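The following exercises are to be worked through with the sequence and the coordinates at hand. Each task is followed by a solution in steps.

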Amino acid sequence: MARMLDDTSRTFGEYLLIPRLTRRDQRIDQIDLSAPLSRSYPGSGPGLSINIPIVSACMQAVSGTDLAVALARQGGLSMIFCSQSIDSQVAMVQSVKAHKAGFVPSGANIKPEATLNDLLELMSDSGHSTIPVTEDGSSGGRFVGLITDQDFWEFEDDLTNRVSDHMTPKVDVIFGIEGISLREANKLLHKNKKDCLPILTDDGRLSALVFKKDYVDHQKHPLELLDDSKRLRVGAAINTHDYRERVPALIAAGADALCFDSSDGFSEFQMDGLIWLREQFGEELVIGGGNVVSAEGFDYLAGSGLVDFIKVGIGGGSICITREQKGVGRGQASALLEVAARRDAYFKETGIYIPICSDGGLANDTQIVMALAMGADFVMMGRYFAMTEESPTAKISINGQMYKPYWGEGTVRAQNWQRYSEGMESRKMMFEEGVDAFVPLVGTVSEALQTTLYKLKSTMMNLGADDLTAFKDQAVITQVSEQSIVEAGTTNVFKFGRNRDLDESD
């Protein structure tokens, strides 16, 4: 007969943290939020770390190019989704890797013989107000000048005029030569009071642009996640079906980490993939496995010695209905607590530390904090990022409120048959494990994370923790009753902003 566990399947909302001593020498701006992304051995640290403990989910409605760039600039990492062609995923990875710290590939360029009408259309489509002019209109063409929206008047100048009649020609443009350091490039901008510095190759072709606004942005956001070449870091999802073709292409494109995108990683299919990847690419490749919800699942992946991090969670996502459809899964808090305890025991037994990622079941900032306190090294989120400006879906107005479409990888819309085929060769999904929905637009990634990370740091101070390791070690957690949840709410006061006609009993 079935084996019955003694515990109850519990969620993050059923727990609270008990305050510990807050020291007078603590400062919120000195709290370290860095987290390991890869395993570490006795006497050595992780091969790859992230600067904030947050990654974006391997989902079509979440992890596109723009979001990957925005999140890396904040210190996190995106996992570009794999439910697309290999070429398309590779192009996304390459686009992110093309962003060096301060050196930006020119995304909008124009020929000198183009008209101002053409230029206005390009500015409108791209959102750029400074446009390099190259002989062939490409981002790597021979540079001939620079034109901005200050070089002409839309309602006064003849818009059939050529761009060459209004641009600043190369001879009058301050530029740098490829190989210049970012510090030297910014000094040129400062010295010459310019907002944009074209970077040219030795033979005069456009290589990149350096902007004053990016310098200012970097000073405000110094946690950018960069590789050794000062390029933004990006991860990529893979599946258990075409990894032999997909992974070599992703590695060639510069992906910094790979992650199996699977609703259940306690699988021989995933183990076969891990074995092949290590045989082909060695120990340097950062590979994540999962998902699991038990110590047994953790041991299966960790015991192989092949995985760098393990994702925890089945059925907890806001658009996931695996538990409803199949009766498979576990409350996210219960799953995380058990896997974290086994991770710590495994570390004591072997000296090998394998980071774990809490994936799903995070409804608000408080639950993100709780997941990290319960032992997660970092969290993976979908809905959180689907609501931002940089997510890859189009904005939609519904009754005056702006929304973005959001759907699970287990939906027909996603057509992610490989993730849910369970070994079947048919491209038909027999049933859905996700839903198709809309989420409200909340602003940019930067704006969302600013609040979330401040809350996290504030809570860490409540526990006297200076970093995430101390936060986990010092956390004391209590389970709450139904009445505790009621007590925590604002039940007996009038809330400003509500309808003034409501009576006090409402």
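Five exercises on this predicted model follow, preceded by a brief overview.

**Overview**

The protein contains 15 helices and 21 strands. Buried residues account for 50% of its 506 residues. Of the contacts between residues at least 6 apart in sequence, 63% link residues at least 24 apart.

**Exercise 1. The two sides of a helix**

Task: Determine which residues of helix H4 (residues 182-192) are buried, which residues are exposed on the other side of H4, and what the buried residues pack against.

Solution.
- Step 1. Apply the cut-offs: a residue is buried under 20% relative accessible area and exposed over 50%. In H4, the buried residues are Ala 185, Asn 186 and Leu 189.
- Step 2. These residues span an arc of only 95° around the axis, and therefore lie on the same side of H4. An α-helix has 3.6 residues a turn, so residues three or four places apart point the same way.
- Step 3. Arg 183, Lys 187, His 190 and Lys 191 are exposed on the other side of H4.
- Step 4. The packing partners of the buried residues of H4 are strand S10 (196-200), strand S11 (206-211) and helix H5 (212-220).
- Step 5. After H4 comes Lys 193, which has a positive phi, near 55°.

**Exercise 2. Closing the barrel**

Task: Give the strand order of the barrel and describe how strand S4 is joined to strand S17.

Solution.
- Step 1. The barrel is closed by eight strands in the order S4-S5-S12-S13-S14-S15-S16-S17, with parallel pairing. From one strand to the next, the twist averages 25°.
- Step 2. S4 (residues 54-56) and S17 (residues 378-381) run parallel and are joined by three bridges. Ile 54 has Val 379 in S17 as its bridge partner.
- Step 3. Helix H11 (residues 365-373) lies across strand S16 (356-359) and S17, and runs at about 140° to S17.

**Exercise 3. The open sheet**

Task: Establish the strand order of the open sheet of three strands and identify its edge strands.

Solution.
- Step 1. The order is S6-S7-S8, and the pairing is antiparallel.
- Step 2. S6 and strand S8 (168-169) each pair on one side only, and are the edge strands.
- Step 3. Five bridges connect S6 to strand S7 (residues 143-148) in the antiparallel sense. Opposite Val 133 stands Gly 145 in S7.

**Exercise 4. The largest pocket**

Task: State the volume of the largest pocket and find which element gives the largest share of its lining.

Solution.
- Step 1. The volume of the largest pocket is about 990 Å³.
- Step 2. Its lining comprises 32 residues, of which Arg 73, Val 104, His 128, Lys 213 and Asp 214 are the closest to the centre.
- Step 3. Two or more lining residues come from each of helix H1 (65-74), strand S6 (130-134), S11, H5 and helix H13 (445-462).
- Step 4. H1 gives the largest share, six residues.

**Exercise 5. The surroundings of Phe 281**

Task: Classify Phe 281 as buried, partly exposed or exposed, and list the residues that Phe 281 touches, leaving out those up to four places away in sequence.

Solution.
- Step 1. Phe 281 belongs to helix H7 (residues 268-281).
- Step 2. The relative accessible area of Phe 281 is 30%, so this residue is partly exposed.
- Step 3. With residues up to four places away in sequence not counted, Phe 281 touches Val 247, Pro 248, Ile 251 and Trp 276.
- Step 4. Val 247 is 34 residues from Phe 281 along the chain, and their C-alpha atoms are 9.7 Å apart.

Notes: Residues are numbered from 1 along each chain as its sequence is written. This is a predicted model: local features need pLDDT of at least 70, side-chain atom pairs count only at pLDDT 80 or more; totals for chains, interfaces and linings use all residues. Side-chain values use heavy atoms; hydrogens and water are left out. Buried means under 20% relative accessible area, exposed over 50%, partly exposed in between (1.4 Å probe, protein chains only). Helices (H or I, at least four residues) and strands (E, at least two) are DSSP runs, numbered from the N terminus. The arc is that of the directions from the helix axis to the C-beta atoms. Contact means heavy atoms within 4.5 Å. Two strands pair if DSSP finds at least two bridges between them. Axes are lines fitted to C-alpha atoms, for helices over the stretch in contact, and angles run from 0 to 180 degrees between N-to-C directions. On a 1 Å grid over the protein atoms alone, a cavity is a set of points where a 1.4 Å probe fits but cannot get out, and a pocket is an open set with protein on both sides within 12 Å along at least five of seven lines; lining residues have an atom within 4 Å of a point. Grid points are joined across faces, edges and corners, and a volume is the space filled by probe spheres set on the points.
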